[in-house]
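Reader: I am new to this structure and would like to understand the terms used for it. Could we go through them one by one, setting values against definitions?

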Amino acid sequence: VMTGCGKSGGNEPAANHGGASGEVVSVDFWTAPQQVQYNFWESKAQAFNEAGITVDGKKIEVKVQQMPESPSSEAGIQNAIATGTVPAVSENINRGFAATLAASGAVYDLSGETWFTDVIEARKMEDTITNWAIDGKQYVLPVYVNPMIWQWNMKALKALGFDSAPKTVAEFTAVITEFAAQRDTTMKEIGVTHSFYRPSLTRPDQWWDRWYDFQMPYEALTGGKPWVEGNKLVLDKEGAVEAFELIGLFGNSIQSGEISSIWTEANPSVLVTINAPWEISLYRENNKVYGEDYIYGQAIVKNDGDIPYNFADSKGLVFYKNKSITDEEHAGAVEFVKWVYNKENSAQTDLDWLNATTMLPVRGDLNDNEIFADVMKEYPELAALAEAVPYAIPSIA
């Protein structure tokens, strides 16, 4: 996979439509190893290629393929960098891996690029993008965000006497206390055997899951404080203890055994889990109704009115630097991403992404922009998640 990256900064080659010299610059784009994401990017590449966009008189042609996923997509990218087969651009990069790539000089800093600033403005990402900074620079164009908050069994909540999900530590404690009191009676009658489902708590090899089950309460209870600044651990001790204490409230009622698609059961056997927004389509296929069968609850805060910061399962695009990638290929890759996310196309691009994946695009206007109104009305669960997007903090760098 020989592809393109080149010079960064404010100097951007002039692009135009048609009128090419007949020469073609082939640009490789790697997607996540997921068919739905491949299909989305392949459709965008086809539309871009048909538009006949050129840079310096040469037609840009984008070729899409899925990145390797064994033993991991990150390992596949690192191998491609080492062997000179890395693409010009790929998606599926989280902030932590981006920091590794940046430290190795393997990706471009986008901070000074005019087109990057324009995309941020078009997608209303001014506040969100600050959370993606790595040593004061920006290496990633965020694509999607899954705010990780609590997913509650609504029928179980009502059976316990609660009409809504808890927001504060006091409310959370009241729910869990009531569960313990009714575990062998009311809960048993409706098939709820455990308060919390989290197999990863007993899997030290799954270290990345600490972003989900620890970072979420930590961010909410500390007001969004960081874990790390540069190479220095700055974990807030009091907030860390409070986060562990919150998890500790579940006591011995955590279901740590693996259960496939627990929320698709006729009677889910748990009171609450960490949400999995990528399973929304699966819930719908199994006739699960948001607001009746399950409901999202914000990250738990100390006091009513505190900002419910949460962990963002979020990934984006990077442009690779490699001796196998020519300046022309890099320029072509930039032109493709500019076209996909420019002021005219970005809203439609993000709507297409949302419809294809049911994962929220990184935008600040999901519940305000009319282009998303119909899908948010059809998917109230997505509208609920969108409320958490402004407070979603990506993985540590």
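Author: We can begin with one residue: leaving out residues up to four places away in sequence, Ile 371 touches Ala 347, Gln 348 and Leu 351, where contact means heavy atoms within 4.5 Å. The model is a predicted one, in which local features need pLDDT of at least 70 and side-chain atom pairs count only at pLDDT 80 or more, while totals for chains, interfaces and linings use all residues. Residues are numbered from 1 along each chain as its sequence is written, and side-chain values use heavy atoms, with hydrogens and water left out.

Reader: Where is Ile 371 found, and why is Ile 371 called partly exposed?

Author: Ile 371 is in the loop between strand 15 (360-361) and helix 13 (373-378); helices (H or I, at least four residues) and strands (E, at least two) are DSSP runs, numbered from the N terminus. Buried means under 20% relative accessible area and exposed over 50%, with partly exposed in between (1.4 Å probe, protein chains only). Ile 371 has a relative accessible area of 28%, and is therefore partly exposed. Ile 371 and Leu 351 are 20 residues apart in sequence, and their C-alpha atoms are 7.4 Å apart in space.

Reader: Why does Gln 255 count as buried?

Author: The relative accessibility of Gln 255 is 17%, so Gln 255 counts as buried. Its place is in strand 11 (residues 254-255), and, leaving aside neighbours within four places in sequence, Gln 255 is in contact with His 194, Phe 196, Tyr 197, Arg 198, Pro 199 and Val 270. One of these residues, Tyr 197, stands opposite Gln 255.

Reader: What makes strand 8 and strand 11 a pair?

Author: Two strands pair if DSSP finds at least two bridges between them, and strand 8 (residues 194-197) is joined to strand 11 by two bridges, the two strands running parallel. Five strands form an open sheet in the order 11-8-12-7-13, with mixed pairing. Strand 11 and strand 13 (294-297) are the edge strands, since each pairs on one side only.

Reader: How do you know that strand 5 is largely enclosed, and which strands does strand 5 pair with?

Author: Five of the five residues of strand 5 are buried, so strand 5 is largely enclosed by the rest of the structure. Strand 2 (residues 24-31) pairs with strand 5 in the parallel sense over two bridges, and Trp 30 stands opposite Ser 90 in strand 5. Strand 5 and strand 14 run antiparallel and are joined by three bridges, with Phe 319 in strand 14 as the bridge partner of Val 89.

Reader: What makes strand 3 and strand 4 a hairpin?

Author: Strand 3 (residues 53-55) and strand 4 run antiparallel, joined by two bridges, and two residues lie between them in the hairpin, where Asp 56 in the turn has a positive phi of about 55°. Thr 54 has Lys 59 in strand 4 as its bridge partner. Strand 4 (residues 58-66) is also joined to strand 2 by eight bridges, and these two run parallel; there Val 24 stands opposite Lys 59.

Reader: Why is helix 3 described as mostly covered?

Author: Seven of the nine residues of helix 3 (residues 95-103) are buried, among them Phe 97 and Leu 101. What covers the buried residues includes helix 2 (73-83) and strand 5 (89-93). At the N-terminal end, Asn 94 caps helix 3, with a side-chain oxygen 3.0 Å from the backbone nitrogen of Gly 96. Just after helix 3, Gly 105 takes a positive phi of about 65°.

Reader: What makes an empty space a cavity, and how many cavities of 30 Å³ or more does the structure hold?

Author: On a 1 Å grid over the protein atoms alone, a cavity is a set of points where a 1.4 Å probe fits but cannot get out, whereas a pocket is an open set with protein on both sides within 12 Å along at least five of seven lines; lining residues have an atom within 4 Å of a point. Grid points are joined across faces, edges and corners, and a volume is the space filled by probe spheres set on the points. The structure holds one cavity of 30 Å³ or more, and the largest cavity has a volume of about 50 Å³. Its lining residues include Thr 128, Trp 132 and Pro 394.

Definitions and conventions:
A polar contact is a pair of N or O atoms within 3.5 Å; within protein, one must be able to donate a hydrogen and the other to accept it, and residues adjacent in sequence count only if both atoms are side-chain atoms.
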